[in-house]
Amino acid sequence: MKGFTRGETRFSLCGLNCTLCSMHLGGYCPGCGGGAGNQSCAIARCSLEHGGVQFCWECPEYPCPRYEGFDDGDSFVSHHNRQQDIAQARELGLETYLARLEERRTILDTLLAHYNDGRRKTFFCTAVYLLPLEDLRRVMAALAGRPEAEEQPVRERSLAAAGLLQEAAEGRDLSLKLRKTKRA
């Protein structure tokens with residue numbers, strides 16, 4: 001959007017966790033204000049109309065009617081809990097929240113580099129976004145504790161990582177399956 005720029009591209013002004021989004025990772029989305037390919041966005045336009053706030057929560061009108069049903073029907077898991085993620089960023093402070101987001105990204109990068117059989121990118125993005133950091137740390141420690149795994153074919157490593165993540169999710173009563181977009 002013309003005239004709209006962002007200093008922070010890991011966490012969008014509306015609460016998207018861009019750094020964990022499979023579209024962003026795949027280079028299909030530069031993030032709001034992120035340069036070429038940036039799509040017109042009603043919330044970016046709203047930001048400009050409200051003095052260029054960097055995050056919606058900085059606006060005196062937040063939460064506004066734009067957030068009603070905001071997370072419903074989007075299939076990208078990093079888009080599911082924008083208001084919850086905004087609340088967490090505000091509670092922890094932006095720097096602490098972003099540090100935790102970076103830790104998640106490091107875990108995701110490791111999973112993609114060493115455990116992805118070419119079919120698990122979205123699954124890993126979903127798991128890293130939804131699972132608590134302590135669960136992700138345990139899964140990564142369990143994987144690191146298997147030095148013989150480096151000798152295994154990537155398919156076997158992928159199945160092991162996916163199994164541990166699925167087990168952690170089930171322990172939290174979380175589903176790692178994508179939610180389908182609602183059709184009109």
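# Notebook: a chain of helices

I started by counting elements, and the secondary structure of the chain comes to seven helices and zero strands. Reading from the N terminus, I wrote the order down as α-α-α-α-α-α-α. A reminder to myself: this is a predicted model.

**Entry 1: the whole chain**

I looked up the burial next. Of the 184 residues in the chain, 41% are buried. The accessible surface comes to about 10,100 Å², and carbon and sulfur atoms hold 50% of that surface. I also checked how far along the sequence the contacts reach. Among contacts with a separation of 6 or more, 71% join residues 24 or more positions apart.

**Entry 2: helix α4**

I picked α4 to look at in detail. Helix α4 covers residues 94-114, which is 21 residues. From first C-alpha to last, α4 reaches 30 Å, close to the 30 Å expected at 1.5 Å a residue.

Which residues of α4 are buried? I found Tyr97, Leu98, Leu101, Arg104, Ile107, Leu108 and Leu111. The numbering made me think of the helical repeat: an α-helix has 3.6 residues a turn, so residues three or four places apart point the same way.

Then I asked what covers the buried residues of α4. The cover includes α1 (22-25), α3 (82-92), α5 (121-130), α6 (133-144) and α7 (154-171). I took three of these partners in turn.

**Entry 3: α4 with α3**

The axes of α3 and α4 come within 6 Å and cross at roughly 120 degrees. That angle makes α3 oblique to α4. On the α3 side, the contact is made by Asp85, Gln88, Ala89 and Leu92, and on the α4 side by Leu94, Thr96, Tyr97 and Arg100. Tyr97 was already on my list of buried residues in α4.

**Entry 4: α4 with α5**

Here the axes come within 10 Å and cross at roughly 155 degrees. Angles over 145 degrees count as roughly antiparallel, and α4 and α5 are therefore roughly antiparallel to each other. The crossing of α4 past α5 is right-handed. I noted who meets whom: α4 brings Arg104, Ile107, Leu108, Leu111 and Leu112, while α5 brings Lys121, Phe124, Cys125, Val128 and Tyr129.

**Entry 5: α4 with α6**

Is α6 roughly parallel or roughly antiparallel to α4? I looked at the axes, which come within 11 Å and cross at roughly 30 degrees. That makes α4 roughly parallel to α6, since angles under 35 degrees count that way. This crossing is left-handed. From α4 I listed Arg100, Glu103, Arg104, Ile107, Thr110 and Leu111, which meet Leu133, Leu136, Arg137, Met140 and Leu143 in α6. Arg104, Ile107 and Leu111 of α4 are among the residues that meet α5, and they also appear in the contact with α6.

**Entry 6: alanine 127**

I moved on to a single residue in α5, alanine 127. Is it buried or exposed? Alanine 127 counts as buried because its relative accessibility is 0%, and the cut-off for buried is under 20%. Beyond its neighbours within four places in sequence, alanine 127 is in contact with Leu136, Leu165 and Leu176. Leu136 is also one of the α6 residues that meet α4. I checked one distance as well: the C-alpha atoms of alanine 127 and glutamine 166 are separated by 8.0 Å, although these residues are 39 apart along the chain.

**Entry 7: helix α7**

Helix α7 has 18 residues and reaches 26 Å from its first C-alpha to its last, close to the 26 Å expected at 1.5 Å a residue. The buried residues I found in α7 are Arg157, Ser158, Ala160, Ala161, Ala162, Leu165, Ala168 and Ala169. Leu165 is a contact of alanine 127 too. The cover over the buried residues of α7 includes α4, α5 and α6.

**Entry 8: two backbone oddities**

I finished with the backbone. Most residues other than glycine have a negative phi, and most peptide bonds are trans.

Where does a positive phi turn up just after α7? I found it at aspartate 173, which is not a glycine and yet has a positive phi of about 60 degrees. Aspartate 173 sits in the segment after α7. This aspartate is exposed, because its relative accessible area is 73% and the cut-off for exposed is over 50%.

The other oddity is the peptide bond from tyrosine 62 to proline 63, which is cis, with omega near -10 degrees. I located proline 63 in the loop between α2 (42-49) and α3.

Technical notes
Residues are numbered from 1 along each chain as its sequence is written. This is a predicted model: local features need pLDDT of at least 70, side-chain atom pairs count only at pLDDT 80 or more; totals for chains, interfaces and linings use all residues. Side-chain values use heavy atoms; hydrogens and water are left out. Helices (H or I, at least four residues) and strands (E, at least two) are DSSP runs, numbered from the N terminus. Buried means under 20% relative accessible area, exposed over 50%, partly exposed in between (1.4 Å probe, protein chains only). Contact means heavy atoms within 4.5 Å. Accessible areas come from the Shrake-Rupley method with a 1.4 Å probe; for residues, only the protein chains shown count as cover. The expected span of a helix is 1.5 Å times one less than its number of residues. Axes are lines fitted to C-alpha atoms, for helices over the stretch in contact, and angles run from 0 to 180 degrees between N-to-C directions. Angles under 35 degrees count as roughly parallel, over 145 as roughly antiparallel, 65 to 115 as roughly perpendicular and the rest as oblique. A crossing is left-handed if the near helix is turned anticlockwise from the far one by less than a right angle, and right-handed if clockwise.
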